[in-house]
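Student: I would like to learn how to read strands, helices and single residues in a protein model. Could you take me through them step by step?

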Amino acid sequence: MNLVPPRTSRRTDASGNSRAGWGVLADDAAVIEDAETNFPEWLTDPQGPLGPGAVVLGGRQLRCWGLSEVWRLRLGEGRARSVIVKRGTGEMAQEAMRYRELVVPLQLPAPQLIAAQGGDGSEPVVLVLEDVGEETLEQRPTAAGYREAVRTLARMRATAAERLAGNPALGAALRRTSADFADTAHHAAVGLATVRPDLAGSLDGVASTLNACLGPLSGLPATIVHGDFHAKNLVRGVSGRVSPVDWPGAYIHPHLGDLYTLLREARRLGLTDQADAAALTALFARESGTDPAAVQEQMSIGGLCWTLLALRWVVEEGIHAVPESAEWLDELVTEAQAQSLAAAGCRRSGVRAGGSGGAG
């Protein structure tokens, strides 16, 4: 399956000026045969993302919140098929760039990108994607599903590490450094003190621990970090294959925050106990060829990175886009402090961050 390259066209903006746009354009408005569904104008516009002559047999909205709107559509004409159409603004508009610079060149196990439109300046991005399945691991959590998610994570990290080693220029703008995470910790702390003065200073020890722990990871192979490796973003196909979706926050770094978030969510939902989590961690170690103790340390450091990124997002963007996210701050601060202690504990016990295997 190949990426369909977009073509450039001229379009007119609100002021009547013609300008170039990166996208796939339809010659005529899409034909809608589902009269019971109220489709948004951006989806059915003559210059919409579906392409010329598209026949929409039906569809339903899967998600709609401040930064993202997602539809599943059934298309006709010839062989009927189902596609996912996503419209994103803000951080969610970054997914098209992640596909171009990471998902496609690294051959990650993501839905095929069929078409993309928009993204000029503040313009929303619309993606048309392969529909890889209707059930997520969140909707139908099973032990087998979580094991397959762990295997998928190990495989995609190994594949990404191999390709990045062969071509260090890949994803150059999306490689994260220790300085980047130090900057994240600083901005999270400043924003937290502004939004919640009672929590000022609560991240001071966390930031210093992060700086000390990231050093040993710098010598490990660079690989992919999905950034939101939660069950809601893991789609299970009819074959049992797990496909990660929603890639706008992906970047390159060795840490294991993705395994941390997967197991964190499972524990919070009561889907695994400590023994199950240990078994899944051991499974990742086997699949990736990494020392189990090193996996634990990389996961602790990755968990700290993820938590600080989440805190920064809440204080800088979340409180505006998703106001209820302000209620998450106490828990995230507590979690950051706990992960800081865990990462520091690994270092005191002499655990090495390294290990064999390209996925580590």
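Student: In strand β8, which residue does G88 stand opposite?

Tutor: In this predicted model, G88 stands opposite V125, which lies in β8. To read such a pair, look at the strands that hold it: β6 is joined to strand β8 (residues 125-130) by six bridges, and the two run antiparallel.

Student: How many bridges join strand β5 to strand β6?

Tutor: Strand β5 (residues 68-75) and strand β6 (residues 81-88) are joined by eight bridges, and they too run antiparallel. As an example of residues facing each other across strands, R74 has S82 of β6 opposite.

Student: In what order do the strands β9, β11 and β12 form their open sheet?

Tutor: The order is β9-β11-β12, with antiparallel pairing. The strands β9 (135-136) and β12 (242-244) are at the edges, and because each has a single partner strand, one side of each is left without a neighbour in the sheet. The pairing of β9 with strand β11 (residues 234-236) rests on two bridges in the antiparallel sense, and here E135 has R236 in β11 as its bridge partner. Against this sheet packs helix α3 (residues 143-166), touching β11 and β12, and the direction of the helix makes about 55 degrees with that of β12.

Student: Is T136 buried or exposed?

Tutor: The cut-off to keep in mind is that buried means under 20% relative accessible area. T136, which is found in strand β9, has a relative accessible area of 14%, and therefore counts as buried. If we leave aside its neighbours within four places in sequence, the residues in contact with T136 are A231, K232, L234 and V235.

Student: At what angle do α3 and helix α6 pack?

Tutor: The angle between α3 and helix α6 (residues 257-268) is about 170 degrees, and their axes are 11 Å apart. Angles over 145 degrees count as roughly antiparallel, so α3 is roughly antiparallel to α6. To see which residues make the contact, look at Y146, A149, V150, L153 and M156 in α3, which meet D258, L259, L262, E265 and A266 in α6. Sorted by character, the residues of this contact of α3 with α6 are eight nonpolar, no polar and two charged.

Student: How do helix α4 and helix α8 cross, and at roughly what angle?

Tutor: The axes of helix α4 (residues 178-195) and helix α8 (residues 292-321) come within 8 Å, and they cross at roughly 45 degrees. An angle of that kind belongs to neither the parallel, the antiparallel nor the perpendicular class, so α4 and α8 are oblique to each other. The crossing in which α4 passes α8 is left-handed. From α4, the residues F181, D183, T184, A185, H187, A188, G191, L192 and V195 meet C305, L308, L309, L311, R312, V315, E316 and I319 in α8. The residues of this contact of α4 with α8 divide into eleven nonpolar, three polar and three charged.

Student: Where is T177 found, and how accessible is T177?

Tutor: T177 is found in the loop between α3 and α4. A residue counts as partly exposed when its relative accessible area lies between the limits for buried, under 20%, and exposed, over 50%; T177 has 38% relative accessibility and so counts as partly exposed. Position along the chain can also be set beside position in space: T177 and L214 are 37 residues apart along the chain, and their C-alpha atoms are separated by 8.8 Å.

Definitions and conventions
Residues are numbered from 1 along each chain as its sequence is written. This is a predicted model: local features need pLDDT of at least 70, side-chain atom pairs count only at pLDDT 80 or more; totals for chains, interfaces and linings use all residues. Side-chain values use heavy atoms; hydrogens and water are left out. Two strands pair if DSSP finds at least two bridges between them. Helices (H or I, at least four residues) and strands (E, at least two) are DSSP runs, numbered from the N terminus. Axes are lines fitted to C-alpha atoms, for helices over the stretch in contact, and angles run from 0 to 180 degrees between N-to-C directions. Angles under 35 degrees count as roughly parallel, over 145 as roughly antiparallel, 65 to 115 as roughly perpendicular and the rest as oblique. A crossing is left-handed if the near helix is turned anticlockwise from the far one by less than a right angle, and right-handed if clockwise. Contact means heavy atoms within 4.5 Å. Ala, Val, Leu, Ile, Met, Phe, Trp, Tyr, Cys and Pro count as nonpolar, Asp, Glu, Lys and Arg as charged, and the others, Gly among them, as polar. Buried means under 20% relative accessible area, exposed over 50%, partly exposed in between (1.4 Å probe, protein chains only).
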